[in-house]
Amino acid sequence: MTPVPVFLYHSVSDHPPNWIAPWTVTPEVFRRQLDRITEAGRSVVPLRRLVAAVRGGPPLPPRAAVLTFDDGFADFYWTVAPLLEERGLPATLYLTVGALHPPGGRPTGSLFPPADMLNWRQVTALDAMGVEIGGHSITHAQLDAVRPRQCTEEIVGCKDRLEDALGHEVTAFAYPHGYSSAAVRRRVAEAGWSSATAVENKFSSATDHVLRLCRLMVRRDTPDRVFADWVAGRGARTGPVPEGLYTRYWRSYRRLRAAVGSPVGGPSDG
C-alpha cells in the first residue's frame, strides 16, 4: 500500500478566533508547507483521482498527495486560494453550509462560535475557479452521536443546499470531527455522496475505504519534522484501518453525553 498523504487544514490566518486557533496555521507556515510538498516531488492531485483509484480506476502517480480544507473559513478565499492558484495546486473544500451566509447577511445556523466564514458568492466563485466543493454537514454535529433523523437531515440537507447553490452535483463529503459509524456511512452512500473523508491521522492509499478515507490533520503545533515525515511518506500508518475498541467506546460515551444534553468535543475537531 503506497502511502498517500491527504492533508487536512482548517483556517489559514495570522489572527484566528481563539476557538479555532489550535487548528490554524499562519500563511507563512502554509506557504512553507506547500513548497515542501512540491519540492519533495509530490504530485498534488484532485481528491477525485484518489477516489477513482480506490474504486479500481486509473492508478495514482507514484508520489501523490491531496489537499483538503474543512469548515469554510473566509481566509480560504482571501489567502488559501491565491496561494494554490499561483502554484497550480488542486484542493477540496468541505463546507459546513449552516455557517455560510449571503453577502451582507446572516448564516442559517451552525454549532460554530463566531468566525469570519465564506459567503455564498465566494463559494460559487471558488467553484468556478476549479476548487472542488464538498459537504461537511449543515451544523457540524457529531453525526454518529445524534438521532437518526437529524443525521439524515445533516447529510441530505447539506448536499441539497450545495447543489442548489452551485447548479451541479457535489459528491465529496467529510465527517464533522472525523466521526462516523457504519450507520452514518450507509446514510452518506444513500444520499448520493460517492466519497467521504475521516481524519484518523493516517495515510490514505489506493486500497483505502472510499467512505472513510484517512487524512492527516495539520495543526498549529504540528512540528516541521512531523510534516516533513508525512511528505516523505513516513511517521504514520497507512489506511484502511479497522475500527478499534477505543473508537467504539468513545462513540458510546459521546452518545450518552449527547443524550443528556452535554455533548463532548470542540467546535471544529476535523
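For the purposes of this description, helices (at least four residues) and strands (at least two) are DSSP runs, numbered from the N terminus. The structure considered here is a predicted model. Across the chain, the pLDDT averages 94, and 96% of the residues score at least 70. Residues 266-270 have a pLDDT below 50, although in the model this stretch has 31 contacts beyond near neighbours in sequence. Where pLDDT is low, the predicted coordinates should not be read in detail.

Enclosed spaces within the protein were examined next. The count comes to two cavities of 30 Å³ or more. In the largest cavity, the volume is about 50 Å³. The residues lining the largest cavity are V29, R32, Q33, R36, D224 and F227. Two elements, α1 (27-39) and α7 (224-232), each give two or more residues to this lining. Helix α1 provides the largest share of the lining, with four residues. In terms of residue class, the lining of the largest cavity comprises three charged, two nonpolar and one polar residue.

The second largest cavity has a volume of about 30 Å³. Its lining is formed by H10, F69, D70, G72, F73, D75, F76 and L93. At least two residues of this lining are supplied by β5 (64-71), and at least two by α3 (75-87). By class, the lining of the second largest cavity contains four nonpolar, two polar and two charged residues.

An open space was also identified. The largest pocket holds about 550 Å³ of space. It is lined by 25 residues, of which G178, Y179, V199, E200 and T247 are the closest to its centre. Both β9 (195-200) and α8 supply at least two residues of the lining of the largest pocket. The largest share, five residues, comes from α8. Classified by type, the residues lining the largest pocket are ten charged, nine nonpolar and six polar.

The packing of helices was then considered, with α4 taking part in both pairs described here. The axes of α3 and α4 (residues 120-129) come within 12 Å of each other and cross at roughly 5°. Angles under 35 degrees count as roughly parallel, and α3 and α4 are therefore roughly parallel to each other. In this contact, F76, Y77, W78, A81 and E85 of α3 meet Q122, A125, L126 and M129 of α4. The residues of the contact of α3 with α4 comprise seven nonpolar, one polar and one charged. One of the α3 residues in this contact, F76, also appears in the lining of the second largest cavity.

For the pair formed by α4 and α5, the axes come within 10 Å and cross at roughly 75°. Angles from 65 to 115 degrees count as roughly perpendicular, so α4 and α5 are roughly perpendicular to each other. The contact joins W120, V123, T124 and D127 in α4 to R161, L162, A165 and L166 in α5. By class, the residues of the contact of α4 with α5 are five nonpolar, two charged and one polar.

Finally, the backbone was examined for unusual geometry. Most residues other than glycine have a negative phi, and most peptide bonds are trans. Two sites in loops depart from these patterns. S137 has a positive phi of about 80°, although this residue is not a glycine. The position of S137 is in the loop between β7 (132-135) and α5 (148-166). The peptide bond from G239 to P240 is cis, and its omega is near 10°. P240 is located in the loop that lies between α7 and α8 (245-259). The two helices flanking this loop were met above: α7 gives two or more residues to the lining of the largest cavity, and α8 contributes five residues to the lining of the largest pocket.

Conventions
Residues are numbered from 1 along each chain as its sequence is written. This is a predicted model: local features need pLDDT of at least 70, side-chain atom pairs count only at pLDDT 80 or more; totals for chains, interfaces and linings use all residues. Side-chain values use heavy atoms; hydrogens and water are left out. On a 1 Å grid over the protein atoms alone, a cavity is a set of points where a 1.4 Å probe fits but cannot get out, and a pocket is an open set with protein on both sides within 12 Å along at least five of seven lines; lining residues have an atom within 4 Å of a point. Grid points are joined across faces, edges and corners, and a volume is the space filled by probe spheres set on the points. Ala, Val, Leu, Ile, Met, Phe, Trp, Tyr, Cys and Pro count as nonpolar, Asp, Glu, Lys and Arg as charged, and the others, Gly among them, as polar. Axes are lines fitted to C-alpha atoms, for helices over the stretch in contact, and angles run from 0 to 180 degrees between N-to-C directions. Angles under 35 degrees count as roughly parallel, over 145 as roughly antiparallel, 65 to 115 as roughly perpendicular and the rest as oblique. Contact means heavy atoms within 4.5 Å. pLDDT is the predictor's confidence in each residue, from 0 to 100.
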